[in-house]
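Trainee: Please show me the structure, and I will ask about it piece by piece.

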Amino acid sequence: PDEAPLLAGVRNGAWLDAQDFPPLAYAVPGLIPEGSVLLVGPPKIGKSWLVLTVALAAAAGGKALSIAVPKRPVLYLALEDGDRRLQDRCRKLLGGDSIPREFQYLLRVEQGRVIDTITAWLDLQYDVPPLVILDTLGKVMPPALPGETSYQRDYRIGTTLKRIADDHAGMTLLTNHHDRKAAADDFVDSVSGTHGLAGAADTVIVLTRARQATSG
């Protein structure tokens, strides 16, 4: 029957009940889980410092925010940085330790090829679930397709990011994204753009702090 291929993926409660799924993996235990994660906050609040701290800790098997971080392959897409500034930031965070060789980064990606770039790097990782950091989404956000609303564009991009994470069990795809200018009562409303990005993500983390404050 014509319907048979459409229903080939149907499962039932007995199948689901019999599954033994591994526990949720964390890039930073208790804070940043596996999957597609949006880190949201206003410009200059410290999002890049935070994700760089996580990247260096993961590459070396060190600590971030005083939390022991499991060692794993790292790709940091530092699309708002240059080599000099990135080196300076790494050295400030590491306090004299060498920048780990396992810390891999890119400063530029071809226009429209960020997903292909991430996928190509992931294809080279075989053993430990990796950490990929995209900093920032705004640098690579494409325009809406003809006839596509802003929500549809945001959901399409968010779904693509989630699909990458879903296809690589245990990995974390951490994406830096700016928030809205206005304060929001609901943290999901603070995500810049439509609800499409937040709706497609597995996790949304909002970073806030008062101006001139040293903690967030």
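The questions below go from strands to cores, rings and loops.

Mentor: This is a predicted model, in which local features need pLDDT of at least 70, side-chain atom pairs count only at pLDDT 80 or more, and totals for chains, interfaces and linings use all residues. Residues are numbered from 1 along each chain as its sequence is written, and side-chain values use heavy atoms, with hydrogens and water left out.

Trainee: In which strand is Ser36 found?
Mentor: Helices (H or I, at least four residues) and strands (E, at least two) are DSSP runs, numbered from the N terminus. The run that spans residues 35-41 holds Ser36, and that run is strand β3.

Trainee: Is Ser36 buried or exposed?
Mentor: Buried means under 20% relative accessible area, exposed means over 50%, and partly exposed is in between (1.4 Å probe, protein chains only). Ser36 has a relative accessible area of 4%, so Ser36 is buried.

Trainee: How many of the residues of β3 are buried?
Mentor: β3 is mostly covered. Ser36 is one residue found in β3, and the buried count for the strand is seven of its seven residues.

Trainee: Over how many bridges do β3 and β10 pair?
Mentor: Two strands pair if DSSP finds at least two bridges between them. β3 pairs with strand β9 (residues 172-178) in the parallel sense over seven bridges, and there Val37 stands opposite Leu174. With strand β10 (residues 203-206), where Ile205 is the bridge partner of Leu39, β3 also pairs in the parallel sense, and the number of bridges is four.

Trainee: Which element gives the most to the largest nonpolar core?
Mentor: A nonpolar core is a set of buried Ala, Val, Leu, Ile, Met, Phe, Trp, Tyr and Cys residues joined through side-chain atoms within 4.5 Å. The largest one has 30 residues, and Ile32, Tyr76, Leu86, Phe103, Leu131 and Leu174 touch the most other members. At least two residues each come from β1 (26-28), β3, α3 (47-60), β6, α4 (83-94) and β8 (131-135). The element that gives the most, with nine residues, is α3.

Trainee: How many residues are in the other core, which lies apart from it?
Mentor: Leu38, Leu77, Leu122 and Met171 are among the members of this other core. Its residue count is 23.

Trainee: What kind of aromatic pair do Tyr76 and Phe103 form?
Mentor: Rings of Phe, Tyr and Trp (its six-membered ring) pair if their centres lie within 6.5 Å; planes under 30 degrees apart count as stacked, over 60 as edge-to-face and the rest as tilted. A search of the whole structure finds three aromatic pairs. In the one formed by Tyr76 and Phe103, the centres are 6.2 Å apart and the planes are at 45°, and the pair is tilted.

Trainee: Why does this pair tie together parts that are apart in sequence?
Mentor: Both residues are buried. Tyr76 lies in strand β6 (residues 74-78) and Phe103 in strand β7 (residues 103-106), so the separation of the parts tied together is 27 residues.

Trainee: Which residues form one aromatic cluster?
Mentor: The rings of Phe103 and Tyr105 have centres 5.8 Å apart and planes at 25°, so they are stacked. Tyr105 is partly exposed because its relative accessibility is 35%. The cluster is formed by Tyr76, Phe103 and Tyr105.

Trainee: With which side chain does the side chain of Thr136 make a polar contact?
Mentor: Thr136 is in the loop between β8 and α6 (150-166), and the peptide bond from Asp135 to Thr136 is cis, with omega near 10°. A polar contact is a pair of N or O atoms within 3.5 Å; within protein, one must be able to donate a hydrogen and the other to accept it, and residues adjacent in sequence count only if both atoms are side-chain atoms. At 3.5 Å, the partner is the side chain of Glu80.

Trainee: Which residues is Lys44 in contact with, leaving aside neighbours within four places in sequence?
Mentor: Lys44 is in the loop between β3 and α3, and its relative accessibility is 72%, so Lys44 counts as exposed. Contact means heavy atoms within 4.5 Å. Outside those neighbours, the contacts of Lys44 are Arg209 and Arg211.
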